[in-house]
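Here are a few exercises to work through with the model open beside you. Try each task before reading its solution.

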Amino acid sequence: MDSSDKIRAADLASLQVIKYPDPRLREICTPVETIDEPLIQLVERMCQLMLDNRGVGLAAPQAGVTVRLFAASPSFDPEDLRVYINPRIIEASGTVEEEEGCLSFPQIFTKVKRNATLTVEATDLEGDIFQEECGDLHSRIIQHEIDHLDGRLLVDRMGTVSKLANRRSLKELEAQFDSA
Ligand SMILES: [Zn+2]
């Protein structure tokens, strides 16, 4: 399926944030080929989900649609919300370790090492390619969301100590998924 097929197959009106260990979170997402009305509807729905859930970022696979795009709003402000289609990091430097959470792992926070600053290149909703240099939380969000597009999750970034500390919460999520 190409990206348009995947978006057409999704029931956009009833999209929800899916949780670990839903296998859709493990897929390598498909590059977006066309920016059309269904894609814009998907983005609108994702932005709404992100804001409703008080998130600062949401990747399409977290809404169950495995295509390469995410939305981010580092300040929680809908005004600075930006959409990144087919994003890639073209430069990154430094390392910083900070606490990180994820809407697909409710209640779990863990320290994750990330690059401190980066330059990301992506396509916007008008189909224009843009580059953005970012640091701090913004840089962390970009790396976290691109991880999602490659099927890589918070749990993969946890150290042994953090995995042990969050063991119960992870087991609870697994049990909830099995009983759903
Ligand atoms: Zn996440």
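A residue counts as buried when its relative accessible area is under 20%, and as exposed when that value is over 50%. Please keep in mind that this is a predicted model.

**Exercise 1. Decide whether Thr30 is buried or exposed, and describe its surroundings.**

Step 1: Find the residue. Thr30 sits in the loop that runs between helix H1 (3–9) and H2.

Step 2: Apply the cut-off. Thr30 has a relative accessibility of 15%, so it is classed as buried.

Step 3: List the neighbours, leaving out residues up to four places away in sequence. Thr30 then touches Met1, Asp2, Ser3, Lys6, Thr66, Val67 and Arg68.

Step 4: Look for a polar partner. The side chains of Thr30 and Lys6 make a polar contact at 2.7 Å.

**Exercise 2. Work out which elements build the largest nonpolar core.**

Step 1: Start with the best-connected members. The core has 21 residues, and those touching the most other members are Leu15, Leu39, Leu42, Met46, Val67 and Leu69.

Step 2: Assign elements. Two or more residues come from each of helix H2 (37–52), strand E2 (69–72) and strand E3 (82–100). H2 is the biggest contributor, with seven residues.

Step 3: Zoom in on one member. Setting aside neighbours within four places in sequence, Leu39 contacts Ile7, Val32, Thr34, Leu69, Ile85 and Leu125.

Step 4: Check for another core. There is a second, separate one of 14 residues, with Ala59, Leu118, Cys134 and Ile141 among them.

**Exercise 3. Describe the largest pocket and its lining.**

Step 1: Note the volume, which is about 530 Å³.

Step 2: Find the centre. The lining has 27 residues, and Gly55, Val56, Gly101, Cys102 and Leu103 are the closest to the centre of the pocket.

Step 3: Trace the elements. E3 and helix H3 (136–149) each give at least two lining residues, and H3 has the largest share, with six.

Step 4: Sort the lining by class. It holds twelve nonpolar, nine polar and six charged residues.

**Exercise 4. Do likewise for the second largest pocket.**

Step 1: Its volume is about 210 Å³.

Step 2: Its lining is made of 14 residues, and Lys6, Ala10, Arg24, Gly64 and Val65 lie nearest the centre. You have met Lys6 before, as the polar partner of Thr30.

Step 3: By class, this lining has seven nonpolar, three polar and four charged residues.

Terms used:
Residues are numbered from 1 along each chain as its sequence is written. This is a predicted model: local features need pLDDT of at least 70, side-chain atom pairs count only at pLDDT 80 or more; totals for chains, interfaces and linings use all residues. Side-chain values use heavy atoms; hydrogens and water are left out. A nonpolar core is a set of buried Ala, Val, Leu, Ile, Met, Phe, Trp, Tyr and Cys residues joined through side-chain atoms within 4.5 Å. Buried means under 20% relative accessible area, exposed over 50%, partly exposed in between (1.4 Å probe, protein chains only). Helices (H or I, at least four residues) and strands (E, at least two) are DSSP runs, numbered from the N terminus. Contact means heavy atoms within 4.5 Å. A polar contact is a pair of N or O atoms within 3.5 Å; within protein, one must be able to donate a hydrogen and the other to accept it, and residues adjacent in sequence count only if both atoms are side-chain atoms. On a 1 Å grid over the protein atoms alone, a cavity is a set of points where a 1.4 Å probe fits but cannot get out, and a pocket is an open set with protein on both sides within 12 Å along at least five of seven lines; lining residues have an atom within 4 Å of a point. Grid points are joined across faces, edges and corners, and a volume is the space filled by probe spheres set on the points. Ala, Val, Leu, Ile, Met, Phe, Trp, Tyr, Cys and Pro count as nonpolar, Asp, Glu, Lys and Arg as charged, and the others, Gly among them, as polar.
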